[in-house]
Amino acid sequence: MTSKATVEDFLAQRTLAVVGASRDEKKFGNKVYKDLMRKGYQTYPINPKAEEIEGQPCYPDLGALPEAVDGVVFVVPPAQTEQVVRQAAELGIPRVWMQQGSESEDAIRFCKENG
């Protein structure tokens, strides 16, 4: 169960990556990305199949980002989330947010075991 304090802590961060950001305006990954930008977050789209999303450079993975981020929002299938949470941990990214449908027991367990 996610506590209110945990949610507030995540939302207090100002620099986030969105794994699964999409060029397709109908996709949830595009909506999440645009909503975070509108709310004033410094937001980096992550999608290995796109060079640009919403006029901003897109990055193939977390390791390609031009600066450190405070958190990662996942809008991808669970198997991808499981891989990318490991990369986030290796890069020292302290916070992750798994949108409904992107979470898996393995990814959640890994996050709990790695703080």
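This text goes through the sheet, the aromatic pairs and the charged contacts of the structure in turn. The model is a predicted one.

The sheet is a convenient place to start. It is open, has four strands and follows the order β2-β1-β5-β6, with parallel pairing. β2 and β6 stand at its edges, and each has a single partner strand, so one side of each is left without a neighbour in the sheet. From one strand to the next, the twist averages 20 degrees. As for what holds such an arrangement together, strands of a sheet pair through backbone hydrogen bonds, either parallel or antiparallel.

Within this sheet, strand β1 covers residues 15-19 and runs parallel to β5, to which four bridges join it. One position in this region is valine 18, which stands opposite valine 73 in β5. Threonine 15 also belongs to strand β1. Its relative accessible area is 13%, and because buried means under 20%, threonine 15 counts as buried. What is threonine 15 in contact with, leaving aside its neighbours within four places in sequence? The list consists of Gln42, Tyr44, Glu67, Ala68, Val69, Asp70 and Gly71.

Tyr44, one of those contacts of threonine 15, leads on to the aromatic residues. The count of aromatic pairs comes to two. In one of them, the rings of phenylalanine 10 and tryptophan 97 have their centres 5.3 Å apart, and their planes meet at 45 degrees, so the pair is tilted. Phenylalanine 10 lies in helix α1 and tryptophan 97 in strand β6, residues 96-98, so this pair ties together parts that are 87 residues apart in sequence. The two partners differ in exposure class: phenylalanine 10 is buried at 4% relative accessibility, whereas tryptophan 97 is partly exposed, with a relative accessible area of 28%. Tryptophan 97 thus places this ring contact on β6, one of the strands at the edges of the sheet.

Tyrosine 44 and tyrosine 59 make up an aromatic pair that is edge-to-face, with 5.9 Å from centre to centre and 75 degrees between the planes. This pair links distant parts of the chain, 15 residues apart: tyrosine 44 is in strand β2 (residues 42-46), and tyrosine 59 is in the loop between β4 (56-57) and β5 (71-74). Are these two tyrosines buried or exposed? Tyrosine 44 is buried, with a relative accessible area of 8%, and tyrosine 59 is buried at 15% relative accessibility.

A further ring takes part in a contact with a charge. The charged end of arginine 14 sits over the ring of tyrosine 41, 4.0 Å from the ring centre.

The salt bridges come next. How many salt bridges does the structure hold? There are five. One of them is made by the side chains of glutamate 8 and lysine 4, at 3.8 Å from N to O. Both residues lie in helix α1, residues 4-11, where they are four residues apart, about one turn of the helix. Glutamate 8 is partly exposed at 46% relative accessibility, while lysine 4 is exposed at 64%. Helix α1 therefore carries this salt bridge as well as phenylalanine 10 of the tilted aromatic pair, which is buried.

Helix α2, residues 28-38, holds both arginine 38 and aspartate 35, three residues apart, which is about one turn of the helix. Their side chains meet in a salt bridge of 3.7 Å, N to O. Arginine 38 is exposed at 63% relative accessibility, and aspartate 35 is partly exposed, with a relative accessible area of 29%.

In helix α4, residues 105-113, aspartate 106 and arginine 109 are three residues apart, so about one helical turn separates them. The side chains of aspartate 106 and arginine 109 form a salt bridge of 2.8 Å, N to O. Both count as partly exposed, aspartate 106 at 38% relative accessibility and arginine 109 at 41%. Elsewhere, salt bridges that share partners join Asp35, Arg38 and Lys39 into one network.

Key. Residues are numbered from 1 along each chain as its sequence is written. This is a predicted model: local features need pLDDT of at least 70, side-chain atom pairs count only at pLDDT 80 or more; totals for chains, interfaces and linings use all residues. Side-chain values use heavy atoms; hydrogens and water are left out. A salt bridge is a side-chain nitrogen of Lys or Arg within 4 Å of a carboxyl oxygen of Asp or Glu. Helices (H or I, at least four residues) and strands (E, at least two) are DSSP runs, numbered from the N terminus. Buried means under 20% relative accessible area, exposed over 50%, partly exposed in between (1.4 Å probe, protein chains only). Rings of Phe, Tyr and Trp (its six-membered ring) pair if their centres lie within 6.5 Å; planes under 30 degrees apart count as stacked, over 60 as edge-to-face and the rest as tilted. A charge sits over a ring if NZ of Lys or CZ of Arg is within 6 Å of the ring centre and within 35 degrees of the ring normal. Two strands pair if DSSP finds at least two bridges between them. Axes are lines fitted to C-alpha atoms, for helices over the stretch in contact, and angles run from 0 to 180 degrees between N-to-C directions. Contact means heavy atoms within 4.5 Å.
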